[in-house]
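I opened a new notebook page for this structure and wrote down what I looked up, in the order I did it.

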Amino acid sequence: MSRLMGAAAGAALSVAFSVAALPVFADGGTLVLGSTQTPRHLNGAVQSGIATAVPSTQIFASLLRYDESWQPQPYLAKSWEMAEDGLSLTLQLVDNATFHDGAPVTSADVAFSIETIKENHPFKTMFAPVSEIETPDPHTVIIHLSKPHPALLLALSPALAPVLPKHLFDDGQDMKSHPLNSLPVGSGPFMVEEFTAGEAIVLKRNPNFFLEGRPKLDEIIIKIVPDTSSLLIAMENGEADIFPFMQGSQNIRRLQKAENLDVTSEGYAAVGPINWLAFNTQSPKLSDVRVRQAIAYAVDRDFITKALHRGVSAQQRGPIIESSPYFDDSIPAYDVDLDKANALMAEAGFGDGMALTIDYIPGPNEQQLNLAEYMKSQLKKIGIDITVRAAPDFPTWAGRVGGHDFEMSMDIVFNWGDPVIGVHRSYLSDNIRKGVIWSNTQQYASDKVDALLDAAAVELDEDKRRALYGEFQQIVAGDLPVYWINALPYHTSYDKRLQNAPTGIWGTMHPMDQVSWGE
């Protein structure tokens, strides 16, 4: 097996995948994770996104972790109890957890971390209801809330709430630019040995990890390979062991043919990546819901997922990812009906047609540009003349959509596990924030939807909460501020000999302390 190993790793980083063969064993060894994502730094407390979350969840432990069935499990917290009124959560910490520098993990570190995340993380809704954090002793944390917050436990998972060492980070420096963000000290299963921006992150086994017998691996090397073709070859040759967040259908199909690899779509349920067509509902041409519905009836999701995406992506019918327990299966699907689409256009006063512009995120062509071009062809059938407007780079596209300077745009938005975290932001009227991408850029406003989402955000009874989200989905499916097309076809390819591959709800954005090599 080809491998970047131990003391040779530093030298190997400068000659990508120049490695030596080593024997396979159950515990120990190196995992080479290939990534096309380039992180700005490694501190997930102040930075969202895949690129940071993958290393951050190895370096930092969190209070809880989640199993494959969406159930919270102990991590730094050995037990927890929510008050009957839902206004406080008491957690008892394990007594043997230490940071990589040997300092004990205490309740003061937890309080500092949650306050840091609340102040700096882009997902403001995660900890917005937190009003106070009590630390009566070093191993007890009491989180007080201004209102019930059913998403709180999920927000305490590794991808969203790393626990930072207060004694190192609380020094008066700006958290978003803190020098330790690039070489952080955590209490997770792996320690940072080296971070070469744009090249690689070398993570070594934490010998004092508080979970006995873990981690299994000696080392994880996250090799950053912007050229996907090179990464595919490395996977086929055994020079890289795992490639998460693949989305190109041709690449997925290619690695499915490799005898040494397994390829799975599991591991992204909590990410909830949705590819959609956004409407500027304040545009004179799109303010009439009948036009938006006509477009929905003209678009063929089945053709997109089966033909354009080679069958690797799944259809998505609503604002909550279909793999979520909150998805309402009875949501209207808008199956293709060109007669109905043309009738709706005529009713809206556009029987003679109209012209519209569609934008798209530059880069992921299969999910964005190709679908924009498909829209241009398909919508001609209902009298809409589409101009596909390119952006030279991501900031230009984000400036247009965030600045409400668009009519329609392709977009990719994540659910992030609980609707409070990743769904509400796109539909609440008080989140229409000009200049902020991935807010309510559609400028959609519904008093009923606002009320339902506000109620669901504080409802602790799961059945009632599902019912509230069901009603929300039915309303927005009728109003169509967005036409949801497909779940982004994220796949993970990994060496068949890998044991306990990270395929839970967070995938590789979860501690890989149980991953090992099989015989």
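The entries below cover two sheets, one helix and the cavities.

**Entry 1: the model.** I noted before anything else that this is a predicted model.

**Entry 2: the six-stranded sheet.** I looked up the strand order and found an open sheet of 6 strands, S16-S20-S15-S19-S17-S18, with mixed pairing. I checked its edges: strand S16 (314–315) and strand S18 (384–389) each pair on one side only. I then took one pair from inside the order. Strand S15 (residues 273–279) runs antiparallel to strand S19 (residues 408–414), and 7 bridges join them. For a single contact point I picked Trp-276, whose bridge partner in S19 is Asp-411. I also asked which strands helix H12 touches. Helix H12 (residues 394–402) packs on this sheet and touches strand S17 (354–359), S18 and S19. Its direction makes about 105° with that of S19.

**Entry 3: the four-stranded sheet.** I found another open sheet, of 4 strands in the order S6-S7-S9-S8, and its pairing is antiparallel. The edge strands here are S6 (77–82) and S8 (130–137). From one strand to the next the twist averages 20°. I followed S8 to its partner, strand S9 (residues 140–145), and counted 5 bridges in the antiparallel sense. Within that pair, Val-130 has Leu-145 of S9 as its bridge partner. Helix H3 (residues 107–120) lies across strand S7 (88–93), S8 and S9, at about 170° to S8.

**Entry 4: a covered helix.** I asked how many residues of helix H8 are buried. In H8 (residues 289–298) the number is 8 of 10, and I recorded the helix as mostly covered. Among the buried residues are Arg-292, Gln-293 and Tyr-297, along with Ala-294, Ala-296 and Ala-298.

**Entry 5: the cavities.** I searched the whole structure and got 3 cavities of 30 Å³ or more. The largest holds about 50 Å³ of space. Its lining includes His-121, Phe-123, Leu-160 and Trp-416, as well as Gly-44, Gln-47 and Ser-48. I sorted that lining by class and got 5 nonpolar, 5 polar and no charged residues.

The second largest cavity has a volume of about 40 Å³. Among the residues lining the second largest cavity are Leu-63, Val-110, Ser-113, Ile-114 and Pro-162. I asked what classes this lining has. The result was 8 nonpolar, 1 polar and no charged residues.

Key
Residues are numbered from 1 along each chain as its sequence is written. This is a predicted model: local features need pLDDT of at least 70, side-chain atom pairs count only at pLDDT 80 or more; totals for chains, interfaces and linings use all residues. Side-chain values use heavy atoms; hydrogens and water are left out. Two strands pair if DSSP finds at least two bridges between them. Helices (H or I, at least four residues) and strands (E, at least two) are DSSP runs, numbered from the N terminus. Contact means heavy atoms within 4.5 Å. Axes are lines fitted to C-alpha atoms, for helices over the stretch in contact, and angles run from 0 to 180 degrees between N-to-C directions. On a 1 Å grid over the protein atoms alone, a cavity is a set of points where a 1.4 Å probe fits but cannot get out, and a pocket is an open set with protein on both sides within 12 Å along at least five of seven lines; lining residues have an atom within 4 Å of a point. Grid points are joined across faces, edges and corners, and a volume is the space filled by probe spheres set on the points. Ala, Val, Leu, Ile, Met, Phe, Trp, Tyr, Cys and Pro count as nonpolar, Asp, Glu, Lys and Arg as charged, and the others, Gly among them, as polar. Buried means under 20% relative accessible area, exposed over 50%, partly exposed in between (1.4 Å probe, protein chains only).
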